[in-house]
Amino acid sequence: MPKADSHALLIRTDGFFELLDWPKRTHVHLNTLYAAIGCQNVAAVDITEKLTMWLDDEGICKDAPVNVPATLLYAARNPLHQHYYGHAVITGGTDRRGNTLGLTAEQLMDLVEEHLLRPTITIPTQHTTD
């Protein structure tokens, strides 16, 4: 069974999501975020004390599309003051040293369930090889 704090959730602008491995080594966290989001500068948005959303810091300047699922995720927990642009990665909070934590299994399942239950999100059908 995987370590409880070893994942992050990528929420794409098209409504699809992807489970990411969150590295134990803190020095590779930024590279993981850059690769997942497709950027060179990230901004962190605290959704709650135990959930952080990472986005392209220049997403709006690059004309990235609004990430409706990520914006709705934030708005479900906080007063909405802006839209969020580009792909988003959701991680856990931070440890006592300020290092970013991965999502626990419970956090991950709650986020996926919330994401899938949104009526505006299309769930892809299974592809066959026939």
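Is aspartate 57 buried, exposed or partly exposed, and what is its relative accessible area? Keep that residue in mind while we walk through the fold. What you have in front of you is a predicted model, and aspartate 57 turns out to be partly exposed in it, with a relative accessible area of 46%. That value falls between the limits of 20% for buried and 50% for exposed, which is why the label is "partly exposed". The residue sits in the loop between E4 and H2. Looking past its neighbours within four places in sequence, aspartate 57 is in contact with Asn41, Val42 and Ala43. Cysteine 39 is 18 residues away from aspartate 57 in sequence, yet the two C-alpha atoms are 8.2 Å apart in space.

Now let us step back to the whole chain. The protein chain has three helices and five strands, and reading from the N terminus, these elements follow the order β-β-α-β-β-α-β-α. Of its 130 residues, 40% count as buried. Among contacts with a separation of 6 or more, 54% come from residues 24 or more positions apart. The chain exposes about 8,200 Å², and carbon and sulfur atoms supply 53% of that area.

The strands are a good place to start tracing. All five of them form an open sheet in the order E2-E1-E5-E4-E3, with antiparallel pairing. Strand E2 (17–21) and strand E3 (42–48) stand at the edges with a single partner strand each, so one side of each has no neighbour in the sheet. On average, and ignoring direction, neighbouring strands are turned by 25° against each other. As a general reminder, strands of a sheet pair through backbone hydrogen bonds, either parallel or antiparallel.

Follow the sheet from the E2 edge. E1 and E2 pair in the antiparallel sense over five bridges, and they form a hairpin with five residues between them. In the turn of this hairpin, glycine 15 has a positive phi of about 95°. Isoleucine 11 is a handy landmark here: its bridge partner in E2 is phenylalanine 17, while its bridge partner in E5 is alanine 88. E1 and E5 run antiparallel and are joined by three bridges.

Strand E5 is mostly covered, with five of its five residues buried. Beyond E5 comes E4: strand E4 (residues 51–56) and strand E5 (residues 88–92) pair in the antiparallel sense over five bridges. Alanine 88 appears again in this pairing, standing opposite leucine 55.

Another pair across these two strands brings us to threonine 52. This residue lies in strand E4, and its bridge partner in E5 is threonine 91. Threonine 52 is buried, with a relative accessible area of 6%. What does its side chain reach at 3.4 Å on the backbone of glycine 92? The answer is the backbone oxygen of glycine 92. A polar contact of 3.4 Å also joins the side chains of threonine 52 and aspartate 46. Not counting residues up to four places away in sequence, threonine 52 touches a set of residues that includes Ala44, Ile47, Val89 and Ile90.

Next, turn to the helix that lies over the strands. Helix H2 (residues 68–75) lies across strand E1 (7–11), E3, E4 and E5, and runs at about 40° to E3. The N-terminal end of H2 is capped by asparagine 67, which places a side-chain oxygen 2.9 Å from the backbone nitrogen of alanine 70. Within the helix, Pro69, Ala70, Thr71, Leu73 and Tyr74 are buried, and the buried residues of H2 pack against E1, E3, E4, E5 and H3.

That packing leads us to the interior. The largest nonpolar core holds 17 residues, of which Leu9, Ile47, Met53, Ile90, Leu103 and Leu111 touch the most other members. At least two residues of this core are supplied by each of E1, E3, E4, H2, E5 and helix H3 (105–117). A second, separate core has 11 residues, including Ala8, Ala36, Val42 and Val89. Two of these names have come up before: Val42 is in contact with aspartate 57, and Val89 is touched by threonine 52.

Definitions and conventions: Residues numbered from 1 in each chain as written. Predicted model: local features only at pLDDT ≥ 70, side-chain atom pairs only at ≥ 80, totals over all residues. Heavy atoms only, no water. Pairing = 2+ DSSP bridges. Helix = DSSP H or I, 4+ residues; strand = E, 2+ residues; numbered from the N terminus. Axes fitted to C-alpha atoms, helices over the stretch in contact; angles between N-to-C directions. Contact = heavy atoms within 4.5 Å. Core = buried A, V, L, I, M, F, W, Y, C linked by side-chain atoms within 4.5 Å. Buried < 20%, exposed > 50% of the residue type's maximum accessible area, 1.4 Å probe, protein only. Polar contact = N/O pair within 3.5 Å; in protein donor to acceptor, adjacent residues only side chain to side chain. Areas by Shrake-Rupley, 256 points an atom, 1.4 Å probe, with all protein chains shown as cover.
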